[in-house]
Every structure is written in structure tokens, then in C-alpha cells.
Amino acid sequence: MGAGTGAASAEPGPAAPASGEAYVALGDSFASGPLVPDITGPLACGRSTHNYPHELAARLSVASFKDVTCSGASTKHTTEPQSGSILGLPTGTEPPQFDALSPDTTLVTLTFGGNDTGLVGVAQNCMTLDPGATPCKDRYTQGGVDQIAQRIEEFKPRIAAVLDGIHARSPRARVVAVGYGDYIKPGGCFPLQPVLGVDADYLQASVDRMNGAIAQAAAAHGAEYVDLRTPSKGHDSCAAPGDRWIEGFVPVHLAAPLHPNRQGEENYARIIDDQLQKG
């Protein structure tokens, strides 16, 4: 999927959202909210009625709403079907997420990148209970080559192409690329979260690098970027349960490991809404 060139000069969408929006939500599990009550849509997609798209739709009192976010989705699933599974058992195929778009769509949010870059899998590989273990950062930066940084470079044209594809299908839409939040505090919190301090910093730096790629693509391809990382500081997986927006390796709320909980999804919707209202 290559980056297009026409969207950078696309006409801007509405100056500010208003009641009556035709809203489509695209994205992966960060947006779908797996295991956050209540489930809606295909089970394999892990879509919650309290994910940030649903919460945002309620805040905006939209006229129409299509949430096609799905766990495991990557940028290719905007134009290709996605095969679903639960515990390794096939559950069917979801249509390309772009099928939800139309010329009448006026607002689109999207969150992609985590699956393109494999960052959740990297975090799982970095898990250890041994304080003397070799940092997993060493494995991913062996020979002076940062493998995750390379994956993020490969992701850049894909997210650009997604933004161009949205503009082509929904030229009136205000397009909002939503970044990823704060996962773990500087230095980590071993052993509360079983990842060494150096690896905690490497993982969060990789998320920040990915967020930077999303922001850069948004600026160049006629979209807005919403920074969730800055306003979610202090609400990472090391925070007290009542302050936590992102779950750790062992969740303390109903949510998937290393994913937002309901409080997180609600606050992300608030942050996005605040930026939309500023115009």
C-alpha cells in the first residue's frame, strides 16, 4: 500500500463538529476496547459499547454512527477483509473497514499502527520476572539496527495511504488520526509490571516514535492528529488502579492486557472531543 499524493491539498472538513455528524470509526484494538463491557458486533473484533468511538458518538449526538474497529486490524484491513478467530478457531471474515465510508461521511476517526509494527508482541516478548535478565532491547537493537524503528519507517507510507483513501471515499469528512496513550512511566515499575526499566523506556519510546509517524502523516495528508500520550501521563499501567487508563500485563479491570480500560476509553473520547470543539 503506497502513499498517495493528492490528499495534502484536500479541502478541509467542517470547522467544528455539530449535532448531525455522520461518523465512522476505523481502527484496531486500542480503539475497539476488547473485554471492556459491553460487547457489541463480532466477538473476534472485541468491540465495546464503551470504546472511545461509542463514547465520542454519544458526546457529539451524531446523526449516524458506524464503528468498524476490530482487534488485530492493521492498515491493510482498510482495503482487505480481515479473518477473525477466537482461541485459534476461525470466526469468519470482516469486510474491509473502508466499506463503512461514503461520500456523506462527515467525521472519521482512526487508530492504526500497533499491529503494523507488532508493538504488543514486542512488549510480551520483553516480559520477565528476572531482575538480572538481559534487556530485550538488546535483542531488538542488535548490530546497531533498531528493528522496531525500521518497522515504523515501513508503516509511514501505509498510514499515509489510509488517510488518502479516506479522503477519496469521503471528501467532506473531517479526518482525525488518534495516537496511542501513555503505557508505562519512565523507568517502569518492576516487578509490578514485569519488564525491566531499560525495556520499559525502550517500549514507550517506540510508541512515541510511532505516534510521531502518525502525526507526521496527518499533517501531510489533510488530517488532524490527536495526542493522547501527553494528557494520559500519570495514568499508565504503573498507576494506582483507580488512576489507570491502560492495563498492564495482568489487568486489574475488565480489559485486555496492554490495552485501555473503560476509564481510559472514556477519557480518550473526552480528549478527542475537546480538540474537535476547538476547531
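**A walk through the predicted model**

Gln-204 is found in helix H7. The structure described here is a predicted model, and this residue offers a convenient point of entry. With a relative accessible area of 5%, Gln-204 is buried. Beyond its sequence neighbours up to four places away, Gln-204 touches Gly-181, Asp-182, Tyr-183, Ile-184 and Arg-229.

Helix H7 also has a helical partner. Two packed helices are described by the angle between their axes and the distance between the axes. The axes of H7 (residues 197–220) and H4 (residues 119–126) come within 11 Å and cross at roughly 175°. Because angles over 145 degrees count as roughly antiparallel, H4 is roughly antiparallel to H7. On the H4 side, the contact is made by Leu-119, Val-122, Ala-123 and Cys-126. On the H7 side, Asp-199, Leu-203, Ser-206, Val-207 and Met-210 take part. Of the residues in this contact, 7 are nonpolar, 1 is polar and 1 is charged.

Helix H8 may be considered next. This helix covers residues 262–278, 17 residues in total, and reaches 25 Å from its first C-alpha to its last. That span is close to the 24 Å expected at 1.5 Å a residue. Both boundaries of H8 show local features. At the N-terminal end, Asn-261 acts as a cap, with a side-chain oxygen 3.1 Å from the backbone nitrogen of Gln-263. After the helix comes Gly-279, whose phi is positive, near 80°.

The buried residues of H8 are Gly-264, Glu-265, Asn-267, Tyr-268, Ala-269, Ile-271, Ile-272, Asp-273 and Leu-276. An α-helix has 3.6 residues a turn, so residues three or four places apart point the same way. The elements against which the buried residues of H8 pack include both helices and strands. The helices are H1 (29–32) and H2 (52–60), and the strands are S5 (107–111), S6 (174–178) and S7 (224–226).

Strand S5 leads to another buried position, since Thr-111 has its place in this strand. Thr-111 is buried, with a relative accessible area of 0%. Its side chain makes a polar contact of 2.7 Å with the side chain of Tyr-52. Leaving aside residues up to four places away in sequence, Thr-111 touches Leu-26, Gly-27, Asp-28, Phe-30, Ala-31, Tyr-52, Val-178 and Tyr-180.

Several loops carry backbone features that deserve attention. In the loop between H1 and H2 lies Asp-38, which is joined to Pro-37 by a cis peptide bond with omega of about 0°. A further cis peptide bond runs from Phe-190 to Pro-191, with omega near 5°. Pro-191 belongs to the loop between S6 and H7.

Positive phi values also occur at residues other than glycine. Ser-61 has a phi of about 50° and is found in the loop between H2 and strand S2 (64–67). Leu-258, in the loop between S7 and H8, has a positive phi of about 60°. How accessible is Ser-61: buried, partly exposed or exposed? At 45% relative accessibility, Ser-61 counts as partly exposed, because the buried class ends at 20% and the exposed class begins over 50%. Leu-258, by contrast, is buried, with a relative accessible area of 11%.

Definitions and conventions. Residues numbered from 1 in each chain as written. Predicted model: local features only at pLDDT ≥ 70, side-chain atom pairs only at ≥ 80, totals over all residues. Heavy atoms only, no water. Axes fitted to C-alpha atoms, helices over the stretch in contact; angles between N-to-C directions. Helix = DSSP H or I, 4+ residues; strand = E, 2+ residues; numbered from the N terminus. Parallel < 35°, antiparallel > 145°, perpendicular 65-115°, else oblique. Contact = heavy atoms within 4.5 Å. Nonpolar A, V, L, I, M, F, W, Y, C, P; charged D, E, K, R; others polar. Expected span 1.5 Å × (residues − 1). Buried < 20%, exposed > 50% of the residue type's maximum accessible area, 1.4 Å probe, protein only. Polar contact = N/O pair within 3.5 Å; in protein donor to acceptor, adjacent residues only side chain to side chain.
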